[in-house]
Amino acid sequence: MIVCITGGIGSGKSTIAKIFEVLGYPVYYSDERAKVMYYLQDIKQKVINYLGKDAYTPDGQINKPYIAQKIFSDNDLLQKINTLIHSAVHKDFEEFKKKHNNSPIIFKESALVFESHIHSSCDKIILVTAPKKLKIERIKKRDNLDEQSILQRIQKQWPDEKKIPLSHYIIINDETEPLLPKILKILDEIKNDMHSNNSKPTNSL
């Protein structure tokens, strides 16, 4: 079973994914692996073709501020880069699945499960949400970005209200309640449902 963990920027989905990993399940971190894809030679050349040679620093590292400035101000470029990277991540995930084919459940962490239209490949979807103010605070702390840049990125993603009806489980990560009991409850429900054909969303707060 493939269980996708998603949520907007600053929701804390990676924290949730790491807890599942600590519990002994294989977790594929799409967002982290996407950064690795930028260094594959054929991908690198296409990125340069789309964004210019400044997409990489003189020592060959991805120029994150430059790339962000380019793609978040141009929807066409954003779509092209997303399509390019997501295609590479999809192939990478297929290899990951082969390595962990003995595990009954594989978790896939991805910010853009819905935006990239990969939700149909997920058996279950866990949506991680948080209040916008808290998301902004987390991103400021993590990425050292100004509020305008953060809001620009949030606006490029689907709002939670649109994702909730398409998700099977919702985890509210607002730092008011411990996460582990919520995660264990969802894990139990997934295990119980593994042998049924129920695909209808069964939201669990």
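## A guided tour of the predicted model

Select L180: this residue is partly exposed, with a relative accessible area of 40%. The structure on the screen is a predicted model.

**The surface around L180**

L180 belongs to helix α9, which covers residues 180-193. Add L23 and L184 to the selection, and a nonpolar patch on the surface appears, formed by L23, L180 and L184. Together, these three leucines have about 230 Å² of accessible area.

**The largest nonpolar core**

Next, hide the surface and select Y38, V47, L51, I67, I71, I81 and I85. The largest nonpolar core has 30 residues, and these seven are the ones that touch the most other members. Colouring by secondary structure shows where the core comes from: β1 (2-6), α2, α3 (41-51), α4 (64-71) and α5 each supply at least two of its residues. Which of these elements gives the largest share? Helix α5 does, with 9 residues.

Now centre the view on I81. Residues up to four places away in sequence being left out, I81 touches Y38, V47, Y50, L51 and I71. A second core, separate from the one just visited, has 20 residues. To locate this second core, select A17, Y29, V128 and Y169, which are among its members.

**The disulfide**

Display the cysteine side chains. The structure contains 1 disulfide, and C4 and C122 form this link, with their sulfur atoms 2.1 Å apart. Where in the chain do the two partners lie? C4 is in strand β1, whereas C122 is in the loop between β3 (106-109) and β4 (124-129), so the pair ties together parts that are 118 residues apart in sequence. Rotate the view to look along the S-S bond: the torsion there is about -80°, so the disulfide is left-handed. Are C4 and C122 buried or exposed? C4 is buried, and C122 is buried too.

**Salt bridges**

Switch to the charged side chains. Across the whole structure, 15 salt bridges are found. Begin with R33 and D92, whose side chains meet in a salt bridge at 2.7 Å, N to O. This pair links distant parts of the chain, 59 residues apart: R33 lies in helix α2 (residues 30-37) and D92 in helix α5 (residues 75-99). R33 counts as partly exposed, at 31% relative accessibility. D92 counts as buried because its relative accessibility is 19%, and the limit for a buried residue is under 20%.

Then follow helix α5 to E95 and K98. Their side chains also meet in a salt bridge, at 3.4 Å, N to O. Here the partners both lie in helix α5, 3 residues apart, which is about one turn of the helix. E95 is partly exposed, with a relative accessible area of 42%, while K98 counts as exposed at 57% relative accessibility.

The next pair to select is E147 and K140, joined by a salt bridge of 3.2 Å, N to O. Each residue is partly exposed: the relative accessible area is 38% for E147 and 36% for K140. Elsewhere, K13, D31 and E109 are joined into one network by salt bridges that share partners.

**A buried lysine**

Select K135, in helix α6 (residues 132-143). Is this lysine buried or exposed? K135 is buried, with a relative accessible area of 9%. Show the residues around K135: neighbours within four places in sequence aside, K135 is in contact with G8, I9, G10, S11, A130 and D160.

**Two residues with positive phi**

The tour ends in two loops. Select H117, in the loop between β3 and β4. H117 is not a glycine, yet its phi is positive, about 60°. This histidine is exposed, with a relative accessible area of 57%.

Finally, go to N144, in the loop between α6 and α7 (147-155). N144, a residue other than glycine, has a positive phi near 55°. N144 is exposed, and its relative accessible area is 70%.

How values were computed: Residues numbered from 1 in each chain as written. Predicted model: local features only at pLDDT ≥ 70, side-chain atom pairs only at ≥ 80, totals over all residues. Heavy atoms only, no water. Salt bridge = Lys/Arg side-chain N within 4 Å of Asp/Glu carboxyl O. Helix = DSSP H or I, 4+ residues; strand = E, 2+ residues; numbered from the N terminus. Buried < 20%, exposed > 50% of the residue type's maximum accessible area, 1.4 Å probe, protein only. Patch = residues over 30% accessible without salt bridge, like charges linked within 9 Å, V, L, I, M, F, W, Y side chains within 5 Å. Areas by Shrake-Rupley, 256 points an atom, 1.4 Å probe, with all protein chains shown as cover. Core = buried A, V, L, I, M, F, W, Y, C linked by side-chain atoms within 4.5 Å. Contact = heavy atoms within 4.5 Å. Disulfide = S-S within 2.5 Å.
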